[in-house]
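Here is a set of exercises to work through with the model open in your viewer. Try each task before you read its solution.

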Amino acid sequence: MGVCSEDGKVQVFGLYSGEEFHETFDCPIKIVAVHPQFVRSHCKQFVTGGKKLLLYEKTWMNRWKPSVLHEGEGNIRNVKWRGHLIAWANNMGVKILDMISKQRITNVPRDDVSLRPDMYPCSLCWKDNLTLIIGWGNSVKICSVKERHASEMRDLPSRYVEIVSQFDTEFYISGLAPLCDQLVMLSYVKEISEKTEMECCARPRLDIIQPFPESCEEISSDALTVRGFQENECRDYQLEYSEGESLFYIISPRDVVVAKERDQDDHIDWLLEKKKYEDIGLAYINHLMEKGDYDLAARKCQKILGKNTELWEFEVHKFKEIGQLKAISRYLPRRDPILKPLIYEMVLHEFLESDYEGFATLIKEWPGNLYNNTIIVQAVVDHLKKDPQNRTLLRTLAELYTYDQRYGKALEIYLTLRHKDVFQLIHKHNLFSSIRDKIVLLMDFDSEKAVDMLLDNEDKISIDKVVEELENRPELQHVYLHKLFKRDHHKGQKYHEKQISLYAEYDRANLLPFLRDSTHCPLEKALEICQQRNFVEETVYLLSRMGNSRSALKMIMEELHDVDKAIEFAKEQDDGELWEDLILYSIDKPPFITGLLNNIGTHVDPILLIHRIKEGMEIPNLRDSLVKILQDYNLQILLREGCKKILVADSLSLLKKMHRTQMRGVLVDEENICEFCLSPILPTDVSKSFSVTVFHCRHMFHKECLPVPSIMSPVQFCNICSAKHRGPGSAILEMKK
């Protein structure tokens with residue numbers, strides 16, 4: 001944005017950036033214009049107008065470099081920059097500069113030199129990149145910038161200007177702006193006062209004119225009431241416009257007036273404001289209907305008919321007569337006002353006869369109180385007799401039943417259609433009593449949502465009832481009980497025995513986790529089922545849980561032939577007999593021996609295994625296994641030595657800390673007492689000799705109050721602390737004088 005003032009100050013700054021230029025000149029600055037693409041880095045340019053036309057360009061060092069484009073013809077009062085062309089007006093006329101060639105391509109002199117240019121300034125505006133409109137005094141010129149033919153170039157600029165339209169106006173021009181192929185003109189008006197018979201300032205006019213090559217035609221004219229217009233001059237008014245929005249701003253010293261182009265809606269709004277509904281509004285609707293523009297006619301009914309129910313009903317019947325009820329259906333009022341139910345029913349019947357989807361949309365959008373629900377339900381039922389499998393009609397009938405609070409019937413239809421809203425309907429209207437015998441249907445539709453809903457509402461439909469309803473559908477029964485078990489291991493404990501068979505049949509992957517987490521399933525029954533189905537992993541777990549670890553280990557080795565799993569099992573049980581069994585079983589199987597050598601070093605002495613290996617037996621990777629055993633043993637030794645060093649260092653550190661603590665002095669004053677005789681520890685007469693014993697636990701005694709050391713107990717201890725324990729704090733510290 002660029003701003004300037006009469007005191008010579010110019011400032012250009014970015015609205016959304018930190019860029020800024022500020023300069024004060026020694027002459028008034030009348031106008032400033034920035035490059036149309038100023039936001040781009042290579043377009044940092046602007047011009048100022050005063051006594052000179054100066055161009056400022058940003059250099060590579062972020063400094064602004066000025067250059068004179070024009071001077072010597074008086075003050076420059078208006079500058080407009082469009083594309084690569086700059087137009088400016090001074091006291092002599094209007095000039096246009098081509099920024100590409102840096103050449104001035106035209107000079108349009110002003111017509112009426114008797115008018116002071118400061119009182120009647122020139123108005124400039126670009127209609128497009130090549131069309132400039134000039135208004136000065138009461139003269140308008142439309143100039144077109146054109147390319148010069150190569151044969152005509154010589155020393156002339158590559159472009160020239162042709163005046164394509166020129167005409168005079170009745171009043172003085174304060175501003176111009178383009179409007180499509182027309183012009184918006186702000187005029188300064190003077191008139192003769194009837195009272196004083198003298199010339200005075202009248203209200204400014206905003207005119208729309210159609211230009212022709214040598215004349216113009218006035219399309220419309222409005223007189224604007226602005227404050228203080230009686231004292232204003234031609235130069236006090238200005239017209240600006242917002243390109244692309246058809247917004248025009250009339251600026252005066254006291255007011256800013258916004259003008260915009262009228263459209264049909266504005267015209268209708270004006271008619272509504274004047275309340276000319278019957279004679280004008282209805283005629284306009286009839287005109288649209290005669291043209292065949294039924295949708296626009298129906299849309300205009302909202303504004304024109306307003307809240308007049310009689311007019312609404314009259315117009316709906318007119319749309320029915322021409323077979324266009326569908327056109328007005330979207331615009332019928334649904335509240336304030338509400339028409340007679342017959343009107344809405346008539347529209348619904350029209351859709352029901354020809355457009356099931358449109359009928360369903362209206363039922364969903366319209367409140368149920370607009371029409372007689374019973375009549376519409378019966379009409380839908382009659383149509384379903386002809387087409388009983390029509391999903392659109394069934395879905396709509398379910399919605400109608402919902403409006404009528406017949407939720408049971410609606411639920412049956414939703415379940416039949418497997419509609420996604422069935423669970424929302426159950427929750428919203430608390431229909432749990434209606435679904436007690438429809439649990440299988442719900443599970444067939446969406447087992448996950450159904451199970452979540454049933455478990456969240458156990459107080460309304462019990463676990464026993466659900467299991468009973470699913471008795472003939474064990475796969476669904478399993479889904480329900482599995483989700484129940486995941487939520488709470490104890491709620492469905494009476495069904496854990498049943499779940500063993502269900503997991504075995506439908507979900508073996510979760511059988512072992514179930515057996516591990518359940519504390520209520522009968523292990524004998526589970527073992528029987530797993531053995532029948534030859535589920536080895538589950539059987540191993542059950543044998544282990546029942547205390548038969550040796551059988552479990554045997555099954556791992558004989559059925560699974562998995563030495564790593566056998567070793568892991570033995571580690572979990574931490575039983576010497578199991579390790580013995582494992583070694584005995586593996587002693588004639590070289591791969592098993594390799595596995596044992598690699599893994600048992602931290603649980604069993606490898607020597608026990610090595611001594612039992614038969615001479616001459618080939619054992620795969622024996623060397624690597626023995627190296628690993630030695631490395632593990634070496635690691636254990638290193639760990640022990642490291643731990644020993646840490647313990648010794650910590651013990652020494654703590655001993656030094658204790659020694660420093662015990663070597664500190666202890667304050668003894670007249671407030672301390674002997675813990676034995678409870679008299680002051682210090683004598684009243686300090687000149688006499690005395691002996692006091694102070695222990696590190698801070699208990700103090702007169703020496704004569706302590707028992708005499710004996711041969712059996714040569715070391716004295718604090719009587720109080722030694723009754724609890726013998727510790728570092730009970731050692732003695734003597735004090736004599």
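The exercises below concern a predicted model, and each comes with a worked solution.

**Exercise 1. The chain as a whole**

Task: Find how many helices and strands the protein chain has, and what share of its residues counts as buried.

Solution: Start with the secondary structure, which comes to 26 helices and 27 strands. Next, turn to burial: of the 737 residues of the chain, 41% count as buried, where the cut-off is under 20% relative accessible area. Finally, look at contacts between residues with a separation of 6 or more: 47% of these join residues 24 or more positions apart.

**Exercise 2. The largest pocket**

Task: Locate the largest pocket and describe what lines it.

Solution: A helpful reminder comes first: rolling a probe the size of a water molecule over the atoms shows where empty space is left. Here, the largest pocket holds about 1,200 Å³ of space. Its lining has 33 residues, and those closest to the centre are Ile-31, Asn-78, Lys-80, Gln-238 and Glu-240. Now assign the lining to elements: strand 4 (31–34), strand 8 (78–82), strand 12 (123–128), strand 16 (172–179) and strand 22 (238–242) each give two or more residues. Strand 8 provides the largest share, with five residues. To finish, sort the lining by class, which yields 19 nonpolar, five polar and nine charged residues.

**Exercise 3. The second largest pocket**

Task: Repeat the analysis for the second largest pocket, and say which strand gives the most to its lining.

Solution: Begin with the volume, about 490 Å³. The lining is made of 20 residues, with Ile-208, Asp-222, Lys-260, Glu-261 and Arg-262 nearest the centre. The elements that give two or more residues to this lining are strand 17 (182–188), strand 20 (205–211), strand 21 (216–223) and strand 24 (256–260). Strand 24 gives the most, with four residues. By class, the lining of this second pocket has 11 nonpolar, two polar and seven charged residues.

**Exercise 4. A pair of helices**

Task: Describe how helix 15 and helix 16 pack, and which residues meet.

Solution: Take the geometry first. Helix 15 (residues 474–487) packs on helix 16 (residues 496–506) at an angle of about 115°, and the axes are 10 Å apart. The crossing is left-handed. Then list the contacts: from helix 15 come Pro-474, Glu-475, Gln-477, His-478, Leu-481, His-482 and Phe-485, which meet His-496, Lys-498, Gln-499, Leu-502, Tyr-503 and Tyr-506 of helix 16. Sorted by class, this contact has six nonpolar, five polar and two charged residues.

**Exercise 5. Unusual backbone geometry**

Task: Examine the peptide bond between Asp-336 and Pro-337, and the phi values of Cys-180 and Asn-534.

Solution: As background, most residues other than glycine have a negative phi, and most peptide bonds are trans. Step one is the peptide bond that joins Asp-336 and Pro-337, which is cis with an omega of about 5°. Pro-337 sits in the loop between helix 5 (325–329) and helix 6 (341–354).

Step two is Cys-180, with a positive phi near 55°. Cys-180 belongs to the loop between strand 16 and strand 17, and it counts as exposed because its relative accessibility is 64%, with the cut-off at over 50%.

Step three is Asn-534, whose phi is also positive, at about 60°. Asn-534 is found in the loop between helix 18 (523–532) and helix 19 (536–545). With a relative accessible area of 53%, Asn-534 is exposed.

Definitions and conventions
Residues are numbered from 1 along each chain as its sequence is written. This is a predicted model: local features need pLDDT of at least 70, side-chain atom pairs count only at pLDDT 80 or more; totals for chains, interfaces and linings use all residues. Side-chain values use heavy atoms; hydrogens and water are left out. On a 1 Å grid over the protein atoms alone, a cavity is a set of points where a 1.4 Å probe fits but cannot get out, and a pocket is an open set with protein on both sides within 12 Å along at least five of seven lines; lining residues have an atom within 4 Å of a point. Grid points are joined across faces, edges and corners, and a volume is the space filled by probe spheres set on the points. Ala, Val, Leu, Ile, Met, Phe, Trp, Tyr, Cys and Pro count as nonpolar, Asp, Glu, Lys and Arg as charged, and the others, Gly among them, as polar. Axes are lines fitted to C-alpha atoms, for helices over the stretch in contact, and angles run from 0 to 180 degrees between N-to-C directions. A crossing is left-handed if the near helix is turned anticlockwise from the far one by less than a right angle, and right-handed if clockwise. Contact means heavy atoms within 4.5 Å. Buried means under 20% relative accessible area, exposed over 50%, partly exposed in between (1.4 Å probe, protein chains only).
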